[in-house]
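Trainee: I am new to this structure. Can we go through the terms and what backs them?
Mentor: Yes, let us look at it together.

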Amino acid sequence: MIELQNLSVRFGLFHLHEVMTSIESGEYFVVTGPSGSGKTVLIETLIGLNTHYRGRVLLDGVTMRGVPVEARSIAYVPQDYGIFPHLSVGGNLLYGVRERGLRREDVAERLDELLDLLDLRAIVTRTKVTGLSAGEQQKVAIGRALLSNPAVLALDEPLAFLDGAVRRELMLQLKRINTELGVTIVHATRDLDEALALGKRVAVLVAGRMHQVARPEAGRLHPADATVARWMAGRNVFPAVVQNADNDAGMATVTCGEAELVGSFSGIRLSSEMAVLIGFRPQDAFLVAGGTAPTKGTNTLDATVTALVHHGSTALVVLDVPKMQATVEVAIPRASAREVGLAEGAATRLGLPRDLAWVLPRD
Amino acid sequence: MSEPFRHPLARRSRKDLFRVMATVAIAIVIVYIALLVATNTLLLGTESFSELVATERTLGAILLSLAMALGASVIAILIGVPAAYALSRLRVPARVVFDTLVDVPIALSPIALGILIIAMFSTGPGRFIEENVAAFTYAVPGILLAQLTVVCALTIRLLKTAFDDVPPRLEVIARTLGSTRWRAFRRVTLPLARRAVFTAFVISFARAFGEFGATVTVAGAAPGPRETLPVGIFLRFSSLEVSKAAGLIALTILLAFVFILVLRVVTSPDLRREIS
């Protein structure tokens, strides 16, 4: 178990404030947040690189202050993999074995398991690492980190330089590594979807403060405050006023502009006339095809498409919603956008599921 | 339709022009060195080469020069590797001042360095060493020290550049895999800087082999047991024995070429592979 107690780090203008959390053994813990929020500082403090911190870092109850990097049993894979260019693939994989005073026979079984888990058999005999693809390098780096059986695997943006199929493959492999090998994983990423897909618990770090540690449900996270909401939803956070609230069900009706919207909340108590915010992720909203009746449990509003950007497999649609007196962003599958013949200037209807519209206290 | 800014063929010829310029530059350097070597054979005169150099005095100078240069370059590497690593990795205040201080001997003339060495051994702790441990001034250890002083800064500079090029992150990863700082250096940083270490060794050897100013200031210029090849050349030249000086120059060229080539091949696995 890793415990961070009032962990503060100061580097020039950067300040990691009083981080307080604990990570269970065998847990998949993801730290997410925008670039520069302190994720890397947190990871580096954990592995022992950064010794100038206040507060306590405990590993299985033992303080890590003064414990050198090599004595921590925390393996580390940085964003750029850090493959040793002068060693073969095998040499890279086995690097830690000798350093930890193990013999090759000791790790033979685990090596076998890792070669299968990471699908490394095809490249394990390569004498040079120069020809490896980014995905292969990342797998070698992860295999190398895991071979000497560390208590914790710390990953800093492990998927950032990978794309498409390789990224999805590695995500599944990381999940299997966590469950099948039982290794605790601490994974830092600025990609919220990656965090929600992998983390048993997700910590949101913004500007050096840990705003929230939560268990995502079905790949979703209800933001704890406006800061987290703004990071998750971009511009889709709007001021609103509570009309009435059902504190038991965690549902509230709010007025946003002239629109009446129903959203969900948790961890707070709301009452009428309270000034709040309502927000949602662009990918959680959708467009209702003309003439169709809105689904039950959905807020529906008339809207006009003001801009349309095709980005990979999604279409980012910017909508003018007169009733909300707001500009709203919706991300829908590109194919759906084509199917309904979406174009700039077209009239449409915005659909916003009640459970995915967050009602939050104002900051 | 707008015309392309430059015709593709014109662009290609510009690229070729650069290749031509590069080739011309190296050709000029090689021709110049060849010209210097060739001129030297004119100075040799009518006496046979063997007559000029095959003497006990010359043999002594050759052995002394090789031994001193080898000694100085080996010590320079032994000191230079850890020193350059420290300069590259340690984060201390005013690091740039220390870094620059290390470069000062490169800018100082070898004679000036020699004078400072003599002065050091005539006062304080230097004098104590001179009188009770080993004599340096006008003695063979002085030659070694003079050459080492001239060469060491150069070695450290070359090595520091090499260590700077090894990402510290790789050492961090080695440490998370169980290496101590020393093991991370030994198994990651040093192998990655290997080529530069070998180059620094060869360059240090070459520089020490040709060292004259500091050597002559510390050990004096006299025929005999403290006479290196450069000193020998100077003595012959200053006593107007030009053809003998030319003979020793020819010998130096030959030895330098063979030794540097051998060192380069021996210390560079890549070059060995290329040859075989």
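Mentor: Start with a definition. Angles under 35 degrees count as roughly parallel, over 145 as roughly antiparallel, 65 to 115 as roughly perpendicular, and the rest as oblique. Keep in mind that the model is predicted.

Trainee: Why are α4(B) and α7(B) called oblique to each other?
Mentor: Helix α4 (residues 95-107) of chain B and helix α7 (residues 140-164) of chain B pack at an angle of about 130 degrees. That value is not under 35, not over 145 and not within 65 to 115, so the pair falls into the rest. The two helices are therefore oblique.

Trainee: How far apart are the axes of these helices?
Mentor: They lie 8 Å apart.

Trainee: What is the hand of the crossing where α4(B) passes α7(B)?
Mentor: It is left-handed.

Trainee: Which residues make the contact between α4(B) and α7(B)?
Mentor: From α4(B) come Val102(B), Asp103(B), Pro105(B) and Ile106(B). From α7(B) come Thr149(B), Val150(B), Ala153(B), Leu154(B), Ile156(B) and Arg157(B). By class, this contact has seven nonpolar, one polar and two charged residues.

Trainee: What makes a pair of residues count as a contact?
Mentor: Their C-beta atoms, placed from the backbone, must lie within 7 Å. By that test, the contact of chain A with chain B takes 18 residues from chain A and 14 residues from chain B.

Trainee: Which elements of chain A each supply at least two residues to the side that touches chain B?
Mentor: β6 (74-77) and α3 (95-99) of chain A do. The residues on that side of chain A divide into 10 nonpolar, four polar and four charged.

Trainee: What does the secondary structure of chain A come to?
Mentor: Nine helices and 20 strands. The C-alpha trace of chain A spans about 70 × 45 × 35 Å along its principal axes.

Trainee: What makes a residue of chain A count as buried?
Mentor: It needs 20 or more other C-beta atoms within 10 Å of its own. Of the 363 residues in chain A, 42% are buried.

Trainee: Which domains does the assignment give for chain B?
Mentor: Domain 1 (1-43) and domain 2 (55-275). Their centres, taken over C-alpha atoms, are separated by 34 Å. The contact between them takes four residues from domain 1 of chain B and six residues from domain 2 of chain B. On the domain 1 side, two residues are nonpolar, two are polar and none is charged.

Key. Residues numbered from 1 in each chain as written. Chains lettered and ligands numbered in written order. Predicted model: local features only at pLDDT ≥ 70, side-chain atom pairs only at ≥ 80, totals over all residues. Helix = DSSP H or I, 4+ residues; strand = E, 2+ residues; numbered from the N terminus. Buried ≥ 20, exposed ≤ 12 C-beta atoms within 10 Å, placed from the backbone. Contact = placed C-beta atoms within 7 Å. Nonpolar A, V, L, I, M, F, W, Y, C, P; charged D, E, K, R; others polar. Axes fitted to C-alpha atoms, helices over the stretch in contact; angles between N-to-C directions. Left-handed = near helix turned anticlockwise from the far one by under 90°. Domains from an automatic or database assignment.
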